[in-house]
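Student: I have a chain open here and would like to talk through its backbone and its fold. Can we start with whatever residue you find worth a look?

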Amino acid sequence: MENSMTALPGLQAGPPMETITASTIRDATAEDIPRIQQIYTHHVLSSTATFEETPPTIEEMSQRLRDVRERGLPWLVAEHEGRILGYCYAAPYRPRPAYRYTIEDSVYLADGESGKGIGHELLAALIARCEEGPWRQMIAVIAGTQNQGSIALHRKLGFAHVGTQPETGYKFSQWIDVVFMQRALGAGGATPPGN
């Protein structure tokens, strides 16, 4: 989420999303940032799901949340009995203006929470929220062809594999491929933006 695309009109923070299972999907708040930072730190330090190698501080994560919100994009959390189990957000895919209708998703779950349907709930809610806005394509940039859980999750929610960049990242003394998946939002490319 290091790009600087111009803000787009569209989504504002709203009421919590409908509960799909035992967790509640709702908009992230500033009070959620310490837990979000803790979840992300785990992934930075122990997985190849992110290419960051130094965990961002709470202040940096707070700024990332503000940046997403200033662009009118959603940042959601899955909460159960007061505990944040995971989070997801959409961010601009690339900074050049012609990319302004294309966004990228990110989904992270707390350690021990995979395989319970939480990622599916989060990503489905994120897609639904983004389809309310002006965006037409969502890109998943997945670190590692071995990340079959994320690939399967995206495929289940309508993403198609559109390419792989071999040996693009290097973390934990290993080369990591990058898998690209994509799905249309709303009318996709069938009509010009605004239609």
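Tutor: Bearing in mind that this is a predicted model, let us begin with E167, which is exposed because its relative accessible area of 54% lies over the 50% cut-off.

Student: Where is E167 found?

Tutor: E167 belongs to strand β6, and its phi is near 50 degrees, a positive value in a residue that is not glycine.

Student: Why bring up the sign of phi?

Tutor: Most residues other than glycine have a negative phi. F172 is another non-glycine residue with a positive phi, about 55 degrees; it sits in the loop between β6 and β7 and, at 41% relative accessibility, counts as partly exposed.

Student: Switching to the sheet, what is the order of its seven strands?

Tutor: The sheet is open, with mixed pairing, and its strands follow the order β1-β2-β3-β4-β5-β7-β6. β1 (24-27) and β6 (160-171) are at the edges with a single partner strand each, so one side of each has no neighbour in the sheet. Neighbouring strands are turned by 25 degrees against each other on average, direction ignored.

Student: How many bridges join β5 to β7?

Tutor: Seven bridges link β5 (residues 137-143) with β7 (residues 174-184), and the two strands run antiparallel; within this pairing, I139 has Q182 in β7 as its bridge partner.

Student: And which strands does helix α2 touch?

Tutor: Helix α2 (residues 58-70) packs on the sheet against β1, β2 (75-80) and β3 (83-92), and its direction makes about 120 degrees with that of β2. Helix α3 (residues 118-130) lies across β1, β2, β3, β4 (102-109), β5 and β7, running at about 155 degrees to β4.

Definitions and conventions: Residues are numbered from 1 along each chain as its sequence is written. This is a predicted model: local features need pLDDT of at least 70, side-chain atom pairs count only at pLDDT 80 or more; totals for chains, interfaces and linings use all residues. Side-chain values use heavy atoms; hydrogens and water are left out. Two strands pair if DSSP finds at least two bridges between them. Helices (H or I, at least four residues) and strands (E, at least two) are DSSP runs, numbered from the N terminus. Axes are lines fitted to C-alpha atoms, for helices over the stretch in contact, and angles run from 0 to 180 degrees between N-to-C directions. Contact means heavy atoms within 4.5 Å. Buried means under 20% relative accessible area, exposed over 50%, partly exposed in between (1.4 Å probe, protein chains only).
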